[in-house]
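Biologist: I have a model open and want to learn how to read it. Can we go through it feature by feature?

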Amino acid sequence: MTQIADSIQIRNTTFKNRLIKGAMSEALANDAGQPNQLHLGLYEAWAKGGLGCAITGNVMVDIRAKNEPGVVVAESERDLVELKKWADIGKQYGMVQLIQLSHPGRQCPKGLNKETVAPSAVPFSPMLATMFGTPRELRQDEILDIIQRFAKAASICEKAGFEGVQLHGAHGYLISQFLSPLTNKRQDQWGGSIENRMRFLLEIYKAVRKATSENFIISVKLNSADFQRGGITEEDVITVFKAIDVVGIDLIEISGGTYEAPAMAGAKSEKRKASTIAREAYFLDFAEKIRQQVTCKLMVTGGFRTVAGMNAALQSGACDFIGIARPFAVETDLANRLIAGQDVKYAVKPIKTGLPFVDKMAIMEIIWYAAQFRSIGKGKKPNPKLSPLLVFLNYAKGNIKAVIKGQVNSRKSA
């Protein structure tokens, strides 16, 4: 009877328990995308708290394509010394660390980057069009360049000492954009059939595997559904899961949703079946279904709040790892407490500013937690009562500064 405290091995890496901190945006880097002491302080707090594994927030493979200010960028060995310090923290406390590699595609605030690119020039829904511009369609040579950027970033992560990487193929980022017929309208080998739409993901995996050693862990985060009319079908999703499993992926994290339909933040939880609600996890039903189709390790993230629910999910065989994200932003010692038999202390509630146009988006489910990370990184305690409105205003102020700075730099380089 598998329990959360049980160890498990992937390739030559042993995970001391089944608890993984899911990726959350830290937003702690400088404009150049460099990691710093705040990252070290944050991950040391989680490592001391007993985590078996931590997956980092978005680490961009191209500094020209940031999803938000403050993200780390790994496109060269410029920051290898600091990355090694980060990796060493995990080793010191026996916490495996996977770097989440990502390209946002069209999912970037207007003005943050010189331009945004995507599989196709598909605009956002009217609600989000004020924040996100219509992207330019990627050329063939650019697609191939991005694939190699993922491989280069992975090799840097391995050289720094991290145990592996996670390819971000969910939540509306670039890999997810290629997979979805809503955002991929291409008529070449990268679009159309699901076989073509998943080619980008498969080629990234192959390039990363070629650029790293045999024992380097490669995982991927994939949507079980986009939760959008006309999005990727369950049949196509299963095809993608089976294909990435066949080529040798080590671990698949099951998630769901996009910025336009943020199920990953629990926004769709009210529509879940009663049986799923009773078992806590948002995507456990799909995990049970896909478990019959793949042989790699599976991780389910979203909704777990009790030790009993976590152990039940593991014992059902639906997943091998329990992913928990937001509770770790206010309970850094949560892993030790769960293993001791204590449940999550702070119930996760929707983060509301009182501004309807903001609260309809998933953005607050990112930046409120990022504000907690900054405090933890400084050695302070998180504040569960932190004002969402204040956090948003500070975020908007920072975004405006980043946009203005980007426009000035663009004019200088013109």
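Biologist: Which residue just after H11 takes a positive phi?

Modeller: This is a predicted model, so keep that in mind throughout. The residue is Gly 317, with a phi of about 85°.

Biologist: And helix H11 itself? Which of its residues are buried?

Modeller: Start with the general idea. An α-helix has 3.6 residues a turn, so residues three or four places apart point the same way. Now the case here. H11 covers residues 307-316. Its buried residues are Val 307, Gly 309, Met 310, Asn 311, Ala 313 and Leu 314.

Biologist: What do the buried residues of H11 pack against?

Modeller: Two strands and two helices are listed by name: strand E3 (19-21), helix H10 (284-291), strand E13 (321-324) and helix H12 (334-339).

Biologist: Let me step back. How many helices and strands does the protein have?

Modeller: There are 15 helices and 13 strands. Buried residues make up 59% of the 414 residues. For contacts, look at sequence separation. Among contacts with a separation of 6 or more, 70% join residues 24 or more positions apart. The surface is the other side of the picture. About 16500 Å² is exposed, and carbon and sulfur atoms supply 53% of that area.

Biologist: Now a strand. Is E6 mostly covered or mostly open?

Modeller: For a strand, check each face in turn. E6 spans residues 96-102, and seven of its seven residues are buried. On one side sit Val 96, Leu 98, Gln 100 and Ser 102. On the other sit Gln 97, Ile 99 and Leu 101. Both faces are covered.

Biologist: Which strand pairs with E6 over six bridges?

Modeller: That is E4 (residues 53-60), in the parallel sense. Cys 53 stands opposite Val 96 in E6. E6 is also joined to strand E9 (residues 164-169) by four bridges, and these two run parallel. There, Leu 98 has Gly 164 of E9 as its bridge partner.

Biologist: On to aromatic rings. How many aromatic pairs does the count come to?

Modeller: The count comes to nine. For each pair, read the centre distance and the angle between the planes. Trp 46 and Phe 373 are edge-to-face, at 5.4 Å centre to centre and 80° between the planes.

Biologist: Why does that pair tie together parts so far apart in sequence?

Modeller: Trp 46 lies in helix H1 (residues 37-48) and Phe 373 in helix H14 (residues 364-377), so the pair links parts that are 327 residues apart in sequence. Both rings belong to buried residues. Trp 368 and Tyr 369 also form an edge-to-face pair, at 4.9 Å and 80°. Trp 368 is buried at 5% relative accessible area, and Tyr 369 is buried at 4%.

Biologist: Which residues do ring pairs link into a cluster?

Modeller: Tyr 43, Trp 46, Trp 86, Phe 162 and Phe 373.

Biologist: What lies over the face of Phe 124?

Modeller: Arg 106 does, at 3.8 Å from the ring centre. Here you read a charge against a ring face.

Biologist: Last one, cysteines. How many disulfides are counted?

Modeller: Look for paired sulfur atoms; the cut-off is within 2.5 Å. By that rule the count is zero. Then check burial for individual cysteines. Cys 157 counts as buried, at 3% relative accessibility. Cys 296 also counts as buried, at 6%.

Note on methods
Residues numbered from 1 in each chain as written. Predicted model: local features only at pLDDT ≥ 70, side-chain atom pairs only at ≥ 80, totals over all residues. Heavy atoms only, no water. Buried < 20%, exposed > 50% of the residue type's maximum accessible area, 1.4 Å probe, protein only. Contact = heavy atoms within 4.5 Å. Areas by Shrake-Rupley, 256 points an atom, 1.4 Å probe, with all protein chains shown as cover. Phe/Tyr/Trp six-rings, centres within 6.5 Å; stacked < 30°, edge-to-face > 60°. Lys NZ or Arg CZ within 6 Å of the ring centre and 35° of its normal. Pairing = 2+ DSSP bridges.
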